[in-house]
Amino acid sequence: MRKLISLMLILTILMTAAACAQAEGASDLSLLILASAAEPMGAEDVPEGLMPISTETRGVNLTTSRSMLMREEALAPLYQMMRAADRDGCTLYVRQAYRSYADEARRYDLLSASGQTAQKPGESSYQTGLSVTLVGADWKTKELTADFAQSAEAQWLSEHAAEYGFVLRYPAGKEEITGWSYEPWHYRYVGVAAAALMAEQGLCLEELVANEGLIAQMPLDAALPEDDFEDEPEERIVYEEIDDVENAMLEENPEESWDDDDGAADMPAADDGYASDLAADSGSVDGEDAARELEGTEPEDKGEEKPDEPTVAPGDIGPDGDVEIHWPGA
């Protein structure tokens, strides 16, 4: 009888371990979701676990004062990667992150009306909550082009990003497969195991997803590099102490506009953007609510009113393709 009980306990433990491994594998596979013209996402496809990117950690910087969101699974690797870059003397800035289907629809309508090229709603990798635009200080606001690949920041990312589970979403030489031009600033989190495999075999995301045999070979226990920042302060001073913070911030950023992230020449660019701040505008509703939830404060009661829509006046589209959005009450 005791032997039977012991055997049953062993079987239970093995089955539990197998179930955990299977769940972990499913979680890893969820990081490989595609958003493209061939496999678009729907308006109902909202990533779970969207969280604001925090600048409380050394080395983590944003190009806008608005919230930017990413899936929670990608945040720790992103922070660790940006800290490592900072430790190597390479300061990175997040210029774009999550954009919702509605954000993409507004953006597509605006750009199409002005004769610009943009991805249709559902085709942008930013809707997955796993994509991020990373730049250096010299590229915080100016139009992104393939020349960014020559920057110290792009070269650092090219060498180290896969160690932290990030890969170029639109690599050079894969345009016919991805359907989009080379974007040396657009990184996508896929997990350490998938990133290592893609780097080793020179694959883009579409090629990996199409090869079930390779996916089956990915280890489930791939880990991030050891984080050796424990002895450093977790928080850093973002602003110097000044008397009038509001006016100082207005002087530094007199206008908030959708950013131009177009880096493609011949083919349409997934990050043709004009919306780095829309990563925050996708966060200007979702991001503010998430921030309030984290802070434990209640959102303003707006009754049954629908959220206000942005407006674009004639002349708001600049020569570089930047789209200036006017939010009601702003």
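How many helices and how many strands does the protein have? The model, which is a predicted one, contains ten helices and six strands, where helices (H or I, at least four residues) and strands (E, at least two) are DSSP runs numbered from the N terminus. Residues are numbered from 1 along each chain as its sequence is written, and in this predicted model local features need pLDDT of at least 70, side-chain atom pairs count only at pLDDT 80 or more, and totals for chains, interfaces and linings use all residues. Side-chain values use heavy atoms, with hydrogens and water left out.

Of the 330 residues in the protein, 43% are buried, a term that denotes under 20% relative accessible area, with exposed meaning over 50% and partly exposed lying in between (1.4 Å probe, protein chains only). The protein exposes about 17800 Å², of which carbon and sulfur atoms supply 50%; the accessible areas come from the Shrake-Rupley method with a 1.4 Å probe, and for residues only the protein chains shown count as cover. When contacts (heavy atoms within 4.5 Å) are restricted to residues at least 6 apart in sequence, 71% of them join residues at least 24 apart.

An open sheet is formed by four strands in the order E3-E4-E6-E5, with antiparallel pairing, two strands being paired if DSSP finds at least two bridges between them. Strand E3 (93-96) and strand E5 (166-168) stand at the edges with a single partner strand each, so one side of each is left without a neighbour in the sheet. From one strand to the next, the twist averages 45°, the axes being lines fitted to C-alpha atoms, for helices over the stretch in contact, and the angles running from 0 to 180 degrees between N-to-C directions.

Three bridges join E3 to strand E4 (residues 131-135) in an antiparallel arrangement; glutamine 96 stands opposite threonine 133 in E4, and tyrosine 93 has valine 135 of E4 as its bridge partner. E4 is in turn joined to E6 by three bridges, again running antiparallel, and serine 131 has arginine 188 in E6 as its bridge partner. Between E5 and E6, which run antiparallel, there are three bridges, and leucine 168 is partnered by tyrosine 187 in E6.

The burial of the two central strands can be described by face. In a regular strand the side chains alternate between the two faces of the sheet. In E4, Ser131, Thr133 and Val135 point one way and Val132 and Leu134 the other way, all of them buried; because five of the five residues of E4 are buried, this strand is largely enclosed by the rest of the structure. E6 is likewise covered on both faces, with His186 and Arg188 on one side and Tyr187 and Tyr189 on the other all buried.

In soluble globular proteins, nonpolar side chains tend to be buried together. The largest nonpolar core (a set of buried Ala, Val, Leu, Ile, Met, Phe, Trp, Tyr and Cys residues joined through side-chain atoms within 4.5 Å) has 28 residues, of which Ile53, Leu78, Met81, Val94 and Phe166 touch the most other members. Helix H2 (72-87), E4, helix H4 (152-160) and strand E6 (186-189) each supply at least two residues of this core, and the largest share, eight residues, comes from H2. Methionine 81, leaving aside its neighbours within four places in sequence, is in contact with Leu134, Trp156, Leu157, Ala161, Tyr164 and Phe166. A second, separate core of 15 residues includes Leu32, Val190, Ala195 and Ile215.

Individual sites outside this description were also examined. Arginine 107, found in helix H3 (residues 101-113), is buried with a relative accessible area of 0%, and its side chain makes a polar contact with the side chain of glutamate 104 at 2.7 Å; a polar contact is a pair of N or O atoms within 3.5 Å, for which, within protein, one must be able to donate a hydrogen and the other to accept it, and residues adjacent in sequence count only if both atoms are side-chain atoms. Asparagine 61, in the loop between strand E1 (50-52) and strand E2 (69-71), is buried with a relative accessible area of 13%, and its side chain reaches the backbone oxygen of glycine 59 at 3.2 Å. Glutamine 217, by contrast, is placed in helix H8 (residues 212-217) and is exposed, with a relative accessible area of 62%; the C-alpha atoms of glutamine 217 and leucine 197, 20 residues apart along the chain, are separated by 9.4 Å.
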